Amino acid sequence: MSSDSSTSGGDPSSNTTTTITSVSPEKSSPSPLSPPVQIPISWPPNASLSLNWIQDLISAFDWSSRNLSPFDFHSVLPVQVFDALILTASKLLHKEPNCVTLEDFSPDSSVVVVGDVHGQLHDLIFLFKNAGFPDDNRFFVFNGDYVDRGAWGLETFLLLLAWKVFLPHRVYLLRGNHESKYCTSVYGFEKEVLAKYGDMGKHVYHKCLGCFEGLPLTSIIAQRVYTAHGGLFRSIPVTPLKRAKGKKNRRISLNSDTNSFSLGSLEELSKARRTVLDPPWEGSNLIPGDVLWSDPSMKPGLSPNKERGIGLLWGPDCTEEFLKKFQLKLIIRSHEGPDAREKRPGLAGMDEGYTIDHVVDSGKLITLFSAPDYPQFQAGKERYRNKGAYIVLRSPNFDEPEFHGFEAVAPRPQVNPYYDFEDVIDSDEELDLASMATAE
């Protein structure tokens, strides 16, 4: 661990020579009254998805969001098609390891890394058009938080699942903290699904929860870049208890002394149990909660994330230790939008869709947020009007990030929120841990 590593918590472009571009989407033109593709969408023969099928799905979702009531969504994507898509995708996702690896690239390969999108379907569609669709040479890694707050979380998640089924080794979907039962019951996704599928809403929602459990936690790109929704994680040491000689069963107890926190290993990450609806904040299975909920800090060391009530805070020294130990150059995490960042002294705001939080001897820590003009529903009169951003990593080294900023698609279709955004806290702080513990 380096004690004199430099740090950065100010200008997001400080200490970097990487490419920065910014674009503004053209103003949306009026949507045609009749759908541009055949509706309802049908499941393709032999479950063989194609680029044309996904483009039709995009068109159908975009058109229905502008012309139909949410209560009519089931007529666009029948529940039988939903079932086929989520079953196929879930089988793929559950087979993937906790940490997916992207390697064996061609000289022309690039990787697009995307942060939180939070149900902002139209901004996601623009991102795909701006970055280019996934293909043989263009990989995508999504850092989670596909649902909640925005009004089109279901369409957003299903579109990404379709890409995963079509190109399973080019599109990687990681889990965010909002891909959980607790968050989706508070921040709107559950009510959104119930509205869009009516009597079949509970069925659809539970299928989504089961799929969430299968989402991998992290990725490593070209053995140089680590991505995760929240970030780093602790080691879970165990202390053998004394046992009578000859006993076959050894009892162990967790060492929960917070003064002994240390960074976890990739081996520990690989063994963590991710198939939980709400990752625990206590007990032996803490790594999923750390990966999904933790935040960087300018204060050295590793400590409990008291603001959120789950996960960790880690300092620049921990970033340096992690990068050096695993011979990495970049950490790209997400999890914090403009609402969260305005409450974080010492760290830059999220006006541009990204910040460079730590610059250390071995590399950088970046926070990436891909939902512009966030949140969609905001109680205050003053909006953040932040840009979203995505990162492009290119061959051969994949460790010099190109930042691509973009503004929100406007105007957004008129729609009512699915949660009480005026009373619900905006940055996931002070969680109701008792509700999380009892969620089933």
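Which residues do ring pairs link into a cluster? Let's work up to that and a few related exercises.

This is a predicted model, in which local features need pLDDT of at least 70 and side-chain atom pairs count only at pLDDT 80 or more, while totals for chains, interfaces and linings use all residues. Residues are numbered from 1 along each chain as its sequence is written, and side-chain values use heavy atoms, with hydrogens and water left out.

**Exercise 1. Find the ring cluster and describe two ring pairs.**

Step 1: Start with the rule. Rings of Phe, Tyr and Trp (its six-membered ring) pair if their centres lie within 6.5 Å; planes under 30 degrees apart are stacked, over 60 edge-to-face, and the rest tilted.

Step 2: Applying this rule gives 27 aromatic pairs. Take phenylalanine 73 and tyrosine 197: their ring centres are 5.7 Å apart and their planes stand at 85 degrees, so this pair is edge-to-face. Phenylalanine 73 is in the loop between α1 and α2 (79-95), and tyrosine 197 is in helix α6 (residues 189-197), so the pair ties together parts 124 residues apart in sequence. Helices here are DSSP runs (H or I, at least four residues) and strands likewise (E, at least two), numbered from the N terminus.

Step 3: Both phenylalanine 73 and tyrosine 197 are buried, where buried means under 20% relative accessible area, exposed over 50%, and partly exposed in between (1.4 Å probe, protein chains only).

Step 4: Now try phenylalanine 105 and phenylalanine 398, a tilted pair with 4.3 Å from centre to centre and 35 degrees between the planes. Their positions are 293 residues apart: phenylalanine 105 is in the loop between β2 (99-102) and β3 (110-114), and phenylalanine 398 in the loop between β16 (388-394) and β17 (402-406). Both phenylalanine 105 and phenylalanine 398 are buried.

Step 5: Back to the opening question. The cluster linked by ring pairs consists of Phe128, Phe133, Phe140, Phe142, Trp163 and Phe166.

**Exercise 2. Describe how α1 and α3 meet, and how enclosed α3 is.**

Step 1: The axes of helix α1 (residues 51-67) and helix α3 (residues 121-131) come within 11 Å and cross at roughly 145 degrees. Such axes are lines fitted to C-alpha atoms, for helices over the stretch in contact, with angles from 0 to 180 degrees between N-to-C directions.

Step 2: List the contacts, meaning heavy atoms within 4.5 Å. From α1, Ile58, Phe61, Asp62, Ser65 and Arg66 meet Leu121, His122 and Ile125 of α3.

Step 3: Nine of the 11 residues of α3 are buried, so this helix is largely enclosed by the rest of the structure. Among them are Leu124, Phe126 and Phe128. Glycine 132 follows α3 and has a positive phi, near 100 degrees.

**Exercise 3. Work out the surroundings of phenylalanine 139.**

Step 1: Find phenylalanine 139 in strand β4 (residues 138-142). Its relative accessibility is 4%, so phenylalanine 139 counts as buried.

Step 2: Leaving aside neighbours within four places in sequence, the contacts of phenylalanine 139 include Leu102, Phe105, Val111 and His169.

Step 3: Look across the chain too: phenylalanine 139 and leucine 393 are 254 residues apart in sequence, and their C-alpha atoms are 9.6 Å apart in space.

**Exercise 4. Name the partners of α6.**

Step 1: Gather the buried residues of α6, which are Phe189, Glu192, Val193, Ala195, Lys196 and Tyr197.

Step 2: These buried residues pack against α2, α4 (153-166), α5 (181-186) and α7 (201-214).

Step 3: Just after α6 comes glycine 198, with a positive phi of about 55 degrees.
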